[in-house]
Amino acid sequence: MLDLKFIRENIELVKEGLAKKGEKADLGPFLELDARRRTVLQEVETLKSERNKVSEEIARLKKEKSPEADKKVLEMRQVGDKIKLLDDELRIIEEKLTEITLALPNLPDPTVPLGQSEKDNVVEKTVGDEKKFDFAPQPHWELGEKLDIIDFERGVKMSGTRFYLLKGAGAKLQRALIAMMLDVHTRKHGYGEILPPYIVNHHCLIGTGQLPKFSDNLYHDAEEDFWLIPTAEVPVTNMYRGEILDGSQLPLYHVAYTPCFRREKMSAGKDVRGIKRGHQFDKVELVKFSLPENSNQELQKLLADACAIPELLGLRYRIVQLCTADLTFSSVKTYDVEVWAPGCNEWLEVSSCSNFGDFQARRANIKFRREPKAKPEFVHTLNGSGLALPRTMIAVMENYQNADGTITVPEVLRPFMGMDVIK
RNA sequence: GGAAGCGUGGCCGAGUGGUUGAAGGCGGCGGUCUUGAAAACCGUUGUGCCGCAAGGCACCAGGGGUUCAAAUCCUCUCGCUUCCGCCA
């Protein structure tokens, strides 16, 4: 959410920022409502001030048993009616303002490359060489079925399209990856491990920016205010919702492994083959709370922490900076990490590392104090996958496959797997 | 799911319609004293919004209502505790 005062005072800057993101919002209604709000507010507060004074007077007069009291009560009854009318108007104005501001995306950082679509994203660097095969590498869905470690048919039978089961060494491989990632981030990168609820209320989703605009992509309970998380970012960022943190504790680093649930209505027909895009998938997520002045530096460190995983797995990967048009709703600046999958012959996004500035902090009301008595300020929030499991699985399976259809277990995972080859 | 009780500031805790944004205590911060520390004493100690400012308004789990006036009364929601039922 953008600050009301900031929009009011920087209207051209806001328009420009929104345009860069491909958002053509008409801010006219905003300005009108904002002005009207302040007028009505001042009016009603003057009346309330008067009522407060006279009410005190009435208390005194009643104590003195003065006949004046009843007259004043009648007067105040009329003032009360006026207040009620103005308060009602104010409530409507504020609801509309909230509706508008909650739907406005965050503004991009000035350093983000301008672009019209994902085609304008910038590949920053590519690490590692392409693996040479003396046979035609198979896609993971073929490897998985032949080794009986991924079962697509039964997944569909149980739940429907875009569901699958991991079996035996497949399930174990994913468990090994999760354990390895959590160990690396907690032991080497200083993240505190969290195991959050997988179901949250709507306040959390407003806090991180999924609601109110993107409810289409979320699963929720028909009767209660229960929503399945689309990413651990939601519960972990909202841990500190409505709190004022001690500035000396910042930056705070958290890592959480959770399943993620997405309806994927927006990507119907896209990536239907294999395990690349399911309605349920697992992910290890990194979340940071930072001082405003350090957030871009923290983003670079976050990105490095995410890249440590493909590095350890010996996977070829690249870093892509998203252009203005491809930034998500809440993001100020984002880098994707992609790994190469020789079987399906494409780069797979396994992490998306973003700085959200104070956008989420403002929505979720997460503040900090620099000094014990200092005025509270909004923190900056950041997050990135570290990493998403299905696509990491794909990359491991396809890169480590052998001519006979077996898969060699990467060195780092062997202590977790208790086997060298999946056959 | 049923019944009863409860929900006040960082924490504990007073307060059942009228100078209560809220007593008192603890904790925190500043000071006096001390070589230093402790103790003692004094002072200070919530957030948001509107306003150039002076200042004003709002907030006692959350929403709605009654009243000239609500932490205090009514109502709904949420949460906590205890008992019963159920369950991993």
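**Close-up views of helix packing and pockets in a predicted model**

**View 1. Helices α7 and α10 are oblique to each other, because the angle at which they pack is about 130°.** In this predicted model, helix α7 covers residues 169–188, and its axis lies 11 Å from that of α10. The two helices cross in a right-handed sense. On the α7 side the contact is formed by Leu177, Met180, Met181, Val184 and His185, while α10 contributes Asp305, Ile309, Leu312 and Leu313. Sorted by class, the residues of this contact comprise seven nonpolar, one polar and one charged.

**View 2. Helix α7 also packs against α12, at an angle of about 110° and with the two axes 10 Å apart.** With that angle, α7 is roughly perpendicular to α12, and the crossing of this pair is right-handed. From α7, the residues that make the contact are Gly170, Leu173, Gln174, Leu177, Ile178 and Met181, and they meet Leu389, Thr392, Met393, Val396 and Met397 of α12. The class count for this contact is eight nonpolar and three polar residues, with no charged residues. Leu177 and Met181 of α7 can be followed from the preceding view into this one, since they are listed in the contact with α10 and again in the contact with α12.

**View 3. Helices α3 and α4 pack at an angle of about 155°, their axes being 8 Å apart.** Helix α3 comprises residues 28–63 and helix α4 comprises residues 68–103. Angles over 145 degrees count as roughly antiparallel, and α3 is therefore described as roughly antiparallel to α4. The crossing of α3 and α4 is left-handed, whereas α7 crosses α10 in a right-handed sense. In the contact of α3 with α4 there are 20 nonpolar residues, two polar residues and 16 charged residues.

**View 4. The largest pocket of the model has a volume of about 1800 Å³.** Its lining is made up of 49 residues, of which Arg262, Arg277, Thr328, Glu349 and Ser352 are the closest to the centre of the pocket. Two or more lining residues come from each of the strands β9 (280–290), β10 (317–321), β11 (333–341), β12 (346–355) and β15 (380–388), and likewise from helix α12 (389–399). Strand β12 supplies the largest share of this lining, with seven residues. By class, the lining of the largest pocket holds 16 nonpolar, 16 polar and 17 charged residues. Helix α12, which is among the elements named for this lining, is also the partner of α7 in the roughly perpendicular pair of View 2.

**View 5. The second largest pocket has a volume of about 300 Å³.** It is lined by 20 residues, and those closest to its centre are Leu107, Pro108, Asp109, Pro110 and Val332. The elements that provide two or more residues to this lining are the helices α2 (11–20) and α10 (295–313), and α2 gives the most, with four residues. The lining of the second largest pocket divides into nine nonpolar, seven polar and four charged residues. Helix α10 thus appears in two of these views, because in addition to its place in this lining it is the helix that lies oblique to α7.

Definitions and conventions: Residues numbered from 1 in each chain as written. Chains lettered and ligands numbered in written order. Predicted model: local features only at pLDDT ≥ 70, side-chain atom pairs only at ≥ 80, totals over all residues. Heavy atoms only, no water. 1 Å grid on protein atoms, 1.4 Å probe; cavity = no way out; pocket = protein on both sides within 12 Å on 5 of 7 lines; lining within 4 Å. Points joined across faces, edges and corners; volume = space filled by probe spheres on them. Nonpolar A, V, L, I, M, F, W, Y, C, P; charged D, E, K, R; others polar. Axes fitted to C-alpha atoms, helices over the stretch in contact; angles between N-to-C directions. Parallel < 35°, antiparallel > 145°, perpendicular 65-115°, else oblique. Left-handed = near helix turned anticlockwise from the far one by under 90°. Contact = heavy atoms within 4.5 Å.
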